[in-house]
Amino acid sequence: MLYFPYGLYDSDVADPDKVANEFQEAHRVASDTCQYQFQSQAFNHTDLERGTHVVVMSAGVQTGLGISSTGPPVLTTANADLFQIPYARGLQEIDLGSDDWPAWTSEYPELVFVTFSFQYAEMAGWAFGASPPLEIRPRVRISIDGTIPPGAGPAARSMDGLERGTGLPGLTAVTSITTMAFLDAGSHRVSAMAGQGSAAVQAAAEATDEYTAWLTASIDNPPVDKVVIGNRQMTVIRFARGGDLGK
Amino acid sequence: MSVKPPKAGEVIEKADVEDMFDVVRNTVNNLKQENLGRATFGPQHFNPGKALAVSGSPTGYITSATTSGILEESDSASFDYGDMVTITAGATNETTWNGHTDISPLQLNGSGSGYALHPGMIVVYYSLRIKNWTTDNHWHWFTMFGGSYKINGGAETMAQQSVNVVRNTIPTLPWAASIQEDNVSFWYCIDTSARTEPFILTELNLLGAKLSGGTANGVGGTAFTSCDPQIAGGYHMFLSFKSHNY
């Protein structure tokens, strides 16, 4: 990295060609410097400028389900911090209230780690005093720049006509969806999507009580209550890359 | 970078030579970030173990030349169904931790000395296996769990953004009405970037409590029956990223 020219000795005669060559050599060394001229382990990560190495972004809604020792969850729209998962409306972006989904503009390509953690809850089926479960099968996915990466989140397409395994099956769930992506330089935005697939009951005799709404409502007027995303946190960790991966 | 070389036939003064060497020296010594090309540096140029904002050598400290790693993780191999944690404390709601049980096998405390960290972002992950309830269960009941932390030996602070619940279910398994078998996982962040100097993360905890979820069937209150959820395994870890040049 450092270039030390010979210069002129005492009583030396300055040869213009020799001196000029030294400056040309200095210029060549400086211009051709790349990573291979730096010593292994020459730098300390903690000396890096803030925000240039790893960037952590976090967004979310901190909320409970309204449970108390004397009352059941309040999963209706009265609990405004909850996100009511739309029924038969495809995947829609989960609302973050006053917070915004992580969005940024990067000058360099980045390797991005994305994880969405959420509380899911439903009141239908096994409700307080209600009937056996309805197979609602909500799906939750990560969206990166409007694209949903495959494999992250419960959303498998049913290949056998059955609903089992095609969404969240329980009355509650607390889980994380994680994906990694290599994003080019430019503007990016990460969010999470949710939707309810078609509901089904395991037997006609189960079509009673609460989930009658799911079975009898017009598709143009779908039930909107009581199948929710509660507490939710999106974490994005961005690792800057100077070039493409592997270079 | 350019240097004006002497021309053939000119008389070269000592001062001229000194000036030109000064140009080289000043240019090299003032080399800045913007003078370096993209991909100039790779991970091979960084000192191992400095990727994360830590000083000292706490237990589990990962020495790595890469740009990230797990700073500390729980010894989950020793925490299984043979060493279950029974959540006996009842809470009144999801925000008032008036009663809680420590899930102590998953506590992270650097073998008692904590972790010397720089201000920045602490990214935490936990997962739990909620195996069963001690006796027959009820579908009105919930298990509540979340993380808490202490900084510089101060008061315990609940990371409320990490608090979640799972509802009990009536098992369809015929051999035990008390089995639940719910697995939960959650990532959350603790933002310490507003701090002005390095600090000690004294401990990072996981807490549990039970919620009755109502008075139906006579199970209201915080001391409902002697039936308690049991945690039979889990994992707890954090990464710390520095945000300032302290």
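**Helix α1 of chain A and the shared nonpolar core**

In α1(A) of this predicted model, V19(A), E22(A) and A26(A) are buried (20 or more other C-beta atoms within 10 Å of the residue's own, against 12 or fewer for exposed and in between for partly exposed, with C-beta atoms placed from the backbone). Viewed down the helix axis, the buried residues fall within an arc of 55° and so line one face of α1(A); the arc is taken over the directions from the helix axis to the C-beta atoms. An α-helix has 3.6 residues a turn, so residues three or four places apart point the same way. On the other side of α1(A), D17(A), Q24(A), R28(A) and S31(A) are exposed. The cover over the buried residues of α1(A) includes α1 (14–29) of chain B. The end C-alpha atoms of helix α1 (residues 16–31) of chain A are 22 Å apart, in agreement with the 22 Å that its 16 residues should span at 1.5 Å a residue (the expected span being 1.5 Å times one less than the number of residues).

The model is a prediction, in which local features need pLDDT of at least 70 and side-chain atom pairs count only at pLDDT 80 or more, while totals for chains, interfaces and linings use all residues. Residues are numbered from 1 along each chain as its sequence is written, and chains are lettered from A and ligands numbered from 1 in the order in which they are written.

Chain A has two helices and nine strands, taken as DSSP runs numbered from the N terminus (helices H or I, at least four residues; strands E, at least two). Their order from the N terminus is α-β-β-β-β-β-β-β-β-α-β. Of the 247 residues in chain A, 37% are buried. Among contacts in chain A with a separation of 6 or more, 81% are between residues 24 or more positions apart; a contact requires C-beta atoms, placed from the backbone, within 7 Å.

The largest nonpolar core (buried Ala, Val, Leu, Ile, Met, Phe, Trp, Tyr and Cys residues joined through C-beta atoms within 7 Å) has 77 residues, and I229(A), V123(B) and V124(B) have the most contacts inside it. Strand β6 (residues 120–133) of chain B provides the largest share of this core, eight residues. Leaving aside residues up to four places away in sequence, V123(B) touches V56(A), T235(A) and I237(A), as well as W187(B), C189(B), F238(B) and L239(B).

Chain B averages a pLDDT (the predictor's confidence in each residue, from 0 to 100) of 77, and 76% of the residues score at least 70. The model scores ipTM 0.77 and pTM 0.78.

Methods: Contact = placed C-beta atoms within 7 Å.
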